[in-house]
Protein chains: 2
Amino acid sequence: MSAQTSVGAGSSGAARRTPFGAARRTAFGTPPVPAAGVPLDDVDRAILRALEADGRMSNKDLADRVGVAASTCHARVAALRARGVLRGFHADVSPEALGRGLQAIIAVRLQAAARARLGAFARGLAERPEVRDVYLLGGAEDVLVHVAVQDSPALRAFVVEHLSTRHEVAHTQTSLVFEHLHAPTVTR
Amino acid sequence: MSAQTSVGAGSSGAARRTPFGAARRTAFGTPPVPAAGVPLDDVDRAILRALEADGRMSNKDLADRVGVAASTCHARVAALRARGVLRGFHADVSPEALGRGLQAIIAVRLQAAARARLGAFARGLAERPEVRDVYLLGGAEDVLVHVAVQDSPALRAFVVEHLSTRHEVAHTQTSLVFEHLHAPTVTR
DNA sequence: AGTGAAAGTAGTGGCCG
DNA sequence: CGGCCACTACTTTCACT
């Protein structure tokens, strides 16, 4: 199971309609389609840029913005989803609002023997509620874990319970995150 | 200017309507509201969880999912936006589809004298098209830069041009990203 | 606060430049 | 392939509970 099982699948009215003919219910960080070979024209890029800025923009507004008819725009968006260019739409929830105002990045080095289980280790971490991102690296460190916690005791508890006392882990180094800037993928 | 200026503001039909009475056009990674003190009930959390998984879910589907009337659901979402809990909705665009299939994290240490300009330095980096995230840290390193580039020459070019040859930069360490797991903020 | 109905808009599919 | 039109469905406001 991935970082987010059953959130988009479980409960009541299962397969309902979503704008843009959403076939695939994309999970976080899971690439569903290998990304095609068609190069993306200016309209496609304008659509992606607009939807990165405001993912709930109506199709009509989007069409007006990029300068095509609504039907054309709708078809473009569906095609971008089908091609795997548009992986999904996600709400941006403030961690502070959930009482997790302290962020940190923990660099983790594994025991050499444990590197074979790196994937499972990382996926296990990603299921913890305090974990926001897990980066699997090649370099001096093996994993970077981005967490949001309530306070420094909670940070310490996370590091101790899930990292430093685990036998797979050789070394950890924790750094507080003072600010996190996130930039759009499509810039021009 | 932030990591993303003018994307949600520029072109034609300026101030149009967006679902959920979007007042604020949230920029990437910019916290607009200090996050209130009302604790979030089960319905709020269910709404946030569903919208993190699928940010384009219709209000009707969302209402059915969380078990309230559409009008109630609509009001809840508007309130969550107004309180700054829901910061925005963003499309998830595959960097591979844009020809940037190689990701890396570069740890940067600045010259002591340049630390005063850290914020400006970070914001400058975030405006580069290859940059996805910039983390400002307290610890052994000052900044972590997450980039997506076309290939290793492009990675090298980025590091040389924007990091290692800059006089503010004392040291860089580049690690390739083999996998990136992103987890939702609201887990339960 | 939450609900249900009513009016306004937007999404969807078929057909035509 | 892109635009237009009609039909259906959803979003959003408001008076009531």
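This note goes through a predicted model point by point.

1. Confidence. Chain A has a mean pLDDT of 84, with 80% of its residues at 70 or more. Two stretches of chain A fall below 50: residues 1–18 and residues 21–33. In the model, residues 1–18 make 28 contacts beyond near neighbours in sequence, and residues 21–33 make 30 contacts counted in that way. With pLDDT below 50 over residues 1–18 and over residues 21–33, I would not build an argument on either set of contacts.

2. Make-up of chain A. The chain contains five helices and five strands. Read from the N terminus, the order of elements is α-α-α-β-β-α-β-β-α-β. Of the 188 residues in chain A, 51% are buried. Taking contacts in chain A between residues at least 6 apart in sequence, 68% link residues at least 24 apart.

3. Relation of the two chains. A turn of 180° with a shift of 0.0 Å along the axis lays chain B on chain A, and the RMSD is 0.1 Å. This is the relation of a two-fold axis. As for the interface, 100% of the interface residues of chain B are interface residues in chain A as well, so the copies meet through the same surface.

4. Helices α2 and α3 of chain B. Helix α2 covers residues 59–66 and helix α3 covers residues 70–82; their axes come within 8 Å and cross at roughly 100°. Angles of 65 to 115 degrees count as roughly perpendicular, so α2(B) is roughly perpendicular to α3(B). On the α2(B) side the contact is made by B:Asn59, B:Leu62 and B:Ala63, and on the α3(B) side by B:Ala70, B:Cys73, B:His74 and B:Val77. Sorted by class, this contact has five nonpolar residues, two polar residues and no charged ones.

5. Surroundings of B:Ile106. This residue lies in strand β2 of chain B, which spans residues 102–110. Its relative accessible area is 0%; the cut-off for buried is under 20%, so B:Ile106 is buried. Setting aside neighbours within four places in sequence, B:Ile106 has contacts with B:Val143, B:Leu144, B:Val145 and B:Val147, with B:Leu155, B:Phe158, B:Val159 and B:Leu163, and with B:Thr172, B:Gln173 and B:Thr174.

6. A distance from B:Ile106. B:Glu168 is 62 residues away from B:Ile106 in sequence, and the C-alpha to C-alpha separation is 15 Å.

Key:
Residues numbered from 1 in each chain as written. Chains lettered and ligands numbered in written order. Predicted model: local features only at pLDDT ≥ 70, side-chain atom pairs only at ≥ 80, totals over all residues. Heavy atoms only, no water. Axes fitted to C-alpha atoms, helices over the stretch in contact; angles between N-to-C directions. Helix = DSSP H or I, 4+ residues; strand = E, 2+ residues; numbered from the N terminus. Parallel < 35°, antiparallel > 145°, perpendicular 65-115°, else oblique. Contact = heavy atoms within 4.5 Å. Nonpolar A, V, L, I, M, F, W, Y, C, P; charged D, E, K, R; others polar. Least-squares fit on C-alpha atoms with pLDDT ≥ 70 in both. pLDDT = per-residue confidence, 0-100. Buried < 20%, exposed > 50% of the residue type's maximum accessible area, 1.4 Å probe, protein only.
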